[in-house]
Amino acid sequence: MYFSFETIPTFVWVFIATYAIYLIKKPRLSKNEPPMVPYKYPIIGHTVDYALNADNFLVECRQKYGDPFNIYVFGQVFTIAGNEIAHEVYKQSDTFSLTIATRDMFPLYRVLKSVLDPGTLEQVVKTIREGITAKLSLYTGRLQKQIMTYINKEIGDCSSPKLIKTANDNFASMIARPIADVLVGQEISKNEDVIKAFADFTKDFTKILAIPPILSFIHPKVHTQVITLPLRIGFNPILKHLITLKKHLKPVLEKRLKEKKILGEKYEPPVDIVEYFLDNPEYETKAITDDYLTKITEFLFSIVVASIHTTSRHLTSALYDFAGRPEFWDDIYEEQLRIDKECNGELTPHHINKMVKLDSFLRESLRTFDAVASTPHRCLESYTFKNGMTIPKGRTVQTYLMDIHYNTTAYGPEPRSFLPYHGLENNFSASRTDKNFFMFGAGKHACPGRFFAVSEIKIGLHKLILNYHIRTPSGKVEKKVHYGPFSEPPVAGLIFESRKK
Ligand code: HEM
């Protein structure tokens with residue numbers, strides 16, 4: 001190989017820069033920290049093992065170093081909290097923050113400015129609790145209709161078997177319909193442009209973030225600055241969705257305000273989040289200005305981000321779990337058929353509660369989703385665990401989900417096997433959080449949308465299983481797709497074949 005004399009300074013600079021990064025980034029641990037797993041290569045640390053082989057790597061670390069332990073990934077020290085420690089992190093809700101931990105990797109505030117305001121999350125959670133969970137029974141019929149509209153339109157007649165690809169989309173457009181109905185009401189939730197805006201918002205936002213966090217080796221903020229550069233120079237693929245919603249929302253809000261004024265006491269408020277918003281003294285208005293529209297649109301999209309892809313991902317995953325396990329088909333189908341006959345095709349919350357086998361199957365699908373570690377929490381001030389170990393302010397703690405979901409004490413000697421009726425036998429419903437089930441988090445910040453999500457998924461599964469035989473192309477359980485410690489449903493597709501009535 002030939003090097004010219006002029007290339008030498010370049011090598012010197014690269015060497016100096018690398019050495020500087022090494023010195024700056026060298027992990028400095030304070031006293032009584034959890035054990036640091038030794039690593040071979042400076043700067044790189046455990047990045048390769050964590051990105052390419054997270055499951056085996058963390059199992060080995062857990063066996064050798066206990067719970068919790070520290071690893072060094074993408075230039076940062078992470079504390080990995082498993083089955084014994086994670087619940088302590090979730091209990092200390094003033095000391096550990098999910099929102100702050102995810103801000104660098106998922107900078108939603110760049111497009112929805114209001115999420116930076118700490119009051120927004122509080123308001124979103126309150127809205128979900130009061131405006132969705134407390135009124136779930138009023139929504140059931142509407143959710144059902146919206147899901148059936150999707151099924152008839154997008155899956156339709158499958159007298160010949162039809163392969164439906166699920167990659168990326170993961171039935172987001174099925175889930176976007178009931179969520180639009182609940183959020184923006186019946187007037188505009190049938191509008192296909194609005195449904196598309198809801199279904200695509202998160203996907204389009206995450207597209208620009210799909211750059212591996214290489215620059216986090218320098219600092220996580222450098223990575224955030226680079227991934228958000230397109231947004232800052234005016235390329236904003238999300239803007240069109242905000243504009244669509246504003247356009248369709250404006251006449252509806254104006255009409256409602258007018259009717260309220262004219263009818264006074266006689267006004268019959270529609271049941272949806274837009275009305276909940278209008279009714280809130282904090283958001284009271286006399287006219288629908290552009291600022292007002294922006295505020296309500298941003299608020300609605302922050303619920304969209306939390307609700308659509310999370311729910312559709314797990315609906316898809318549960319369908320794959322069902323489709324790959326013929327041994328449970330008859331049992332689950334019979335339960336749906338019996339309930340369908342009982343309710344004459346019109347589900348009520350009472351009937352959804354009766355789907356106990358389906359509920360248990362779904363809980364198991366959530367438990368075995370196979371995410372290795374997720375739901376990071378940032379430590380806001382130095383914290384000492386009950387076992388005496390201390391972590392400093394600023395540390396990110398990753399929830400070691402597999403250690404929790406695959407613990408032998410709760411799930412027996414083969415915790416990775418699929419136990420469809422574990423929930424049913426132990427009286428754990430799919431939406432119930434528990435120290436051995438962290439799919440919806442735990443404690444004060446446990447997912448407020450979980451009751452809604454589980455209802456939607458159960459209605460979707462119930463209707464699909466009633467109408468179709470569903471199988472995987474291979475006839476077996478398909479493998480999930482792994483990105484580092486994260487997991488996504490399989491992408492092989494699902495084969496639908498109409499049941500003979
Ligand atoms: C299967 C679907 C879903 C899953 C797996 C899921 C999971 C989670 C998890 C793990 C958390 C963090 C909890 C914690 O820190 O303890 C969370 C928080 C949250 N979820 Fe969900 N979620 C789902 C659906 C939904 C839906 C449908 C909504 C809205 C209607 C929603 C709204 C939220 C909100 C607002 C938070 C933040 C709560 C807070 O910080 O206080 N989620 N979710």
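## Two partners for β12

Strand β9 (residues 468–471) is joined to β12 by 4 bridges, with the two running antiparallel. One of the pairings puts Tyr468 together with Ser498 in β12. As a heads-up before going further, this is a predicted model.

β12 (residues 494–498) also has strand β4 (residues 162–164) to deal with: 3 bridges join them, and here too the strands run antiparallel. In that pairing, Lys162 stands opposite Phe496 in β12.

## The five-stranded sheet

Elsewhere, 5 strands make up an open sheet, ordered β1-β2-β8-β5-β3, with mixed pairing. At the edges sit β1 (69–73) and β3 (96–97), each of which pairs on one side only. Inside that order, β2 (residues 76–81) and β8 (residues 396–399) run parallel and share 4 bridges. Ala81 has Thr399 in β8 as its bridge partner.

Just ahead of this sheet comes an oddity in the backbone. A cis peptide bond, with omega at about 5°, joins Asp67 and Pro68. Pro68 belongs to the loop between α2 (47–65) and β1. For context, most peptide bonds are trans.

## α13, a kinked and enclosed helix

α13 (290–323) runs to 34 residues and reaches 47 Å from its first C-alpha to its last, close to the 50 Å expected at 1.5 Å a residue. The helix isn't straight all the way: a kink of about 30° is centred on Val304. Of its 34 residues, 24 are buried, so α13 is largely enclosed by the rest of the structure.

## Around the ligand

How many residues surround the ligand? There are 27, and the closest are Ala306, Ser307, Gly441, Cys447 and Gly449. Three elements give two or more residues to this shell: α5 (118–132), α13 and α20. The biggest contributor is α13, with 6 residues.

Cys447 deserves a second look. An unreviewed UniProt entry puts a "binding site" feature at this residue, and in the model Cys447 is among the residues closest to the ligand. Cys447 is placed in the loop between α19 (422–426) and α20 (450–467). Is Cys447 buried or partly exposed? It counts as partly exposed, because it has 19 C-beta neighbours inside 10 Å and 20 would be needed to call it buried. Leaving aside residues up to four places away in sequence, Cys447 touches Phe440 and Gly441; Gly441 is itself one of the closest residues to the ligand.

## Lys458 in α20

Further along, Lys458 sits in helix α20. Is this lysine buried or exposed? Lys458 is buried, because 24 other C-beta atoms lie within 10 Å. Not counting residues up to four places away in sequence, it touches Ile352, Met355, Leu358, Asp359 and Leu362. Ala430 is 28 residues from Lys458 along the chain, and their C-alpha atoms are separated by 9.9 Å.

## α11 and its bend

Helix α11 (residues 239–263) has 25 residues and spans 36 Å between its first C-alpha and its last, close to the 36 Å expected at 1.5 Å a residue. Even so, there's a kink of about 30° at Leu249, shortly before the proline Pro251. Leu249 is also one of the helix's buried residues, along with His241, Leu242, Leu245 and Leu253.

What do those buried residues pack against? Their neighbours are α7 (172–184), α8 (192–207), α12 (273–279) and α13. Just after α11 ends, Gly264 adopts a positive phi of about 55°.

## Two positive phi values outside glycine

Gly264 is a glycine, but two other residues with positive phi are not. Most residues other than glycine have a negative phi, which makes these two worth a glance. Asp370 has a positive phi of about 80° and is found in the loop between α16 (356–367) and β5 (374–379). Asn427 has one of about 60° and lies in the loop between α19 and α20, where Cys447 is placed as well.

Their surroundings are another matter. Asp370 counts as buried, because it has 20 C-beta neighbours inside 10 Å. Asn427 is exposed, because it has 9 other C-beta atoms within 10 Å.

Definitions and conventions:
Residues numbered from 1 in each chain as written. Predicted model: local features only at pLDDT ≥ 70, side-chain atom pairs only at ≥ 80, totals over all residues. UniProt positions renumbered as here; feature names shortened; annotations may be inferred. Buried ≥ 20, exposed ≤ 12 C-beta atoms within 10 Å, placed from the backbone. Contact = placed C-beta atoms within 7 Å. Expected span 1.5 Å × (residues − 1). Bend = angle between axes of the 7 residues up to and from the residue. Pairing = 2+ DSSP bridges. Near = placed C-beta within 6 Å.
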